Amino acid sequence: MNTHLSILSEVKAGNYKVLARALTLVENSIKPAESILKELDSNINIPVLGITGPPGAGKSTLVNAITQHFVAKGKRIAILAIDPTSPFNFGSLLGDRIRMANQFNNPNVYIRSLATRGALGGISAKTIEMVDVLKASNFDLIIVETVGVGQSEVEIAGLADKSIVVLVPESGDEVQNIKSGLMEIADCFVINKADREGADTFANNLKKIVHQGIKTIPILKTIADKNSGIDELCAWIAKPQKTDNDRKAFLFAEKAWKLIQHKRMQDIDKKKLREKIQAALEKDGFNVYRFADSFGEG
């Protein structure tokens, strides 16, 4: 039997050790990663839940509470936590995962972190690939958690079947500034730490903003560390998502676009790019568009 087929059969059988190996091969583009990916059934219907929002909103605590809810019902859950490894955020991996520590020994829960490494165009392609490997292992739900409000949210919207944006009562100004982007991303807003002052006012203001949009977005309040509001949130998560063929084709086109983009960018050497830019800048009439057009030709 081919190596990639034997890895896949173990992944499908729920062997976490082999699943971890398969994810490492895919994350680092090590053979037979490409063969593994090409054998996957991309149409497999396992729900992917995206959870995103600003740092400090309590996303990991919320993920932990959601996981406990579904595990108690006998479900198998996979969590892919995306850690932006920037010079300012060294602590994110350790701090966030400690909050999920009680899940590590649970046989029905699989947790994996993915460092973005600041790779341009790399995060979304790798996230797509790793989620598809997790889908092959027949989990009941895959949760993808990202940090921050920015590019990662947009990518999650194209990857997840449902996207939750987690906010806290203090997020008021933030919502005003980024409301149009958030409206497109969110299928549900969760106001976590809802026992804090100003939670009701914030929820009402958010409802007013949401009502101006095209789609109806539920706004739910939770206190994740006290397990409050989790049942209602999980009932929304468990509700089957109606995906029409047009949206399905659109989402697959987004995925394919990112994978093609990532593949084409792989051969570009950034050091060589900088050296060529340096040389080009010394000449008169430098134009970055002409430069980009000719880069790689010689």
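**A walk through the structure, starting at one helix**

Let's begin with a helix end: N15 caps the N-terminal end of α2, with a side-chain oxygen lying 3.1 Å from the backbone nitrogen of K17. Keep in mind that this is a predicted model. Helix α2 covers residues 16-27, and its length can be checked with a little arithmetic. At 1.5 Å a residue, its 12 residues should span 16 Å, and the end C-alpha atoms are indeed 16 Å apart, so the two agree. Just past α2 comes S29, which has a positive phi, near 50 degrees.

Which residues of α2 are buried? They are V18, L19, A22, L23, L25, V26 and E27. One of these, L19, turns up again in the largest nonpolar core, a set of 30 residues. L19, L134, I142 and V144 have the most contacts inside that core. At least two core residues come from each of α1, α2, α3, β2, β3, α6 and β4. There is also a second, separate core of 27 residues, and A65, V168, V190 and I237 are among them.

Now for the charged pairs. A search of the whole structure finds 7 salt bridges. One of them joins E129 to K126, with the closest N and O atoms 2.8 Å apart. Why are these two separated by about one helical turn? Because they sit 3 residues apart in helix α6. As a rule, an α-helix has 3.6 residues a turn, so residues three or four places apart point the same way. Both E129 and K126 are buried.

Other salt bridges reach across the chain. E170 and R196 meet through their side chains at 3.0 Å, N to O. This pair links distant parts of the chain, 26 residues apart: E170 is in the loop between β5 and α8, while R196 is in the loop between β6 and α9. R196 counts as partly exposed because its relative accessibility is 36%.

D200 and K221 make another such bridge, at 2.5 Å from N to O. Here helix α9 supplies D200 and strand β7 supplies K221, and the two residues are 21 apart in the chain. Buried or exposed, or something in between? With a relative accessible area of 47%, D200 is partly exposed, and K221, at 35%, is partly exposed too.

Finally, look at the surface. L281, F286, V288 and Y289 form a nonpolar patch there, with about 430 Å² of accessible area together. F286 belongs to the loop between α12 and α13, and its relative accessible area of 33% makes it partly exposed.

Notes. Residues numbered from 1 in each chain as written. Predicted model: local features only at pLDDT ≥ 70, side-chain atom pairs only at ≥ 80, totals over all residues. Heavy atoms only, no water. Helix = DSSP H or I, 4+ residues; strand = E, 2+ residues; numbered from the N terminus. Expected span 1.5 Å × (residues − 1). Buried < 20%, exposed > 50% of the residue type's maximum accessible area, 1.4 Å probe, protein only. Polar contact = N/O pair within 3.5 Å; in protein donor to acceptor, adjacent residues only side chain to side chain. Patch = residues over 30% accessible without salt bridge, like charges linked within 9 Å, V, L, I, M, F, W, Y side chains within 5 Å. Areas by Shrake-Rupley, 256 points an atom, 1.4 Å probe, with all protein chains shown as cover. Salt bridge = Lys/Arg side-chain N within 4 Å of Asp/Glu carboxyl O. Core = buried A, V, L, I, M, F, W, Y, C linked by side-chain atoms within 4.5 Å.
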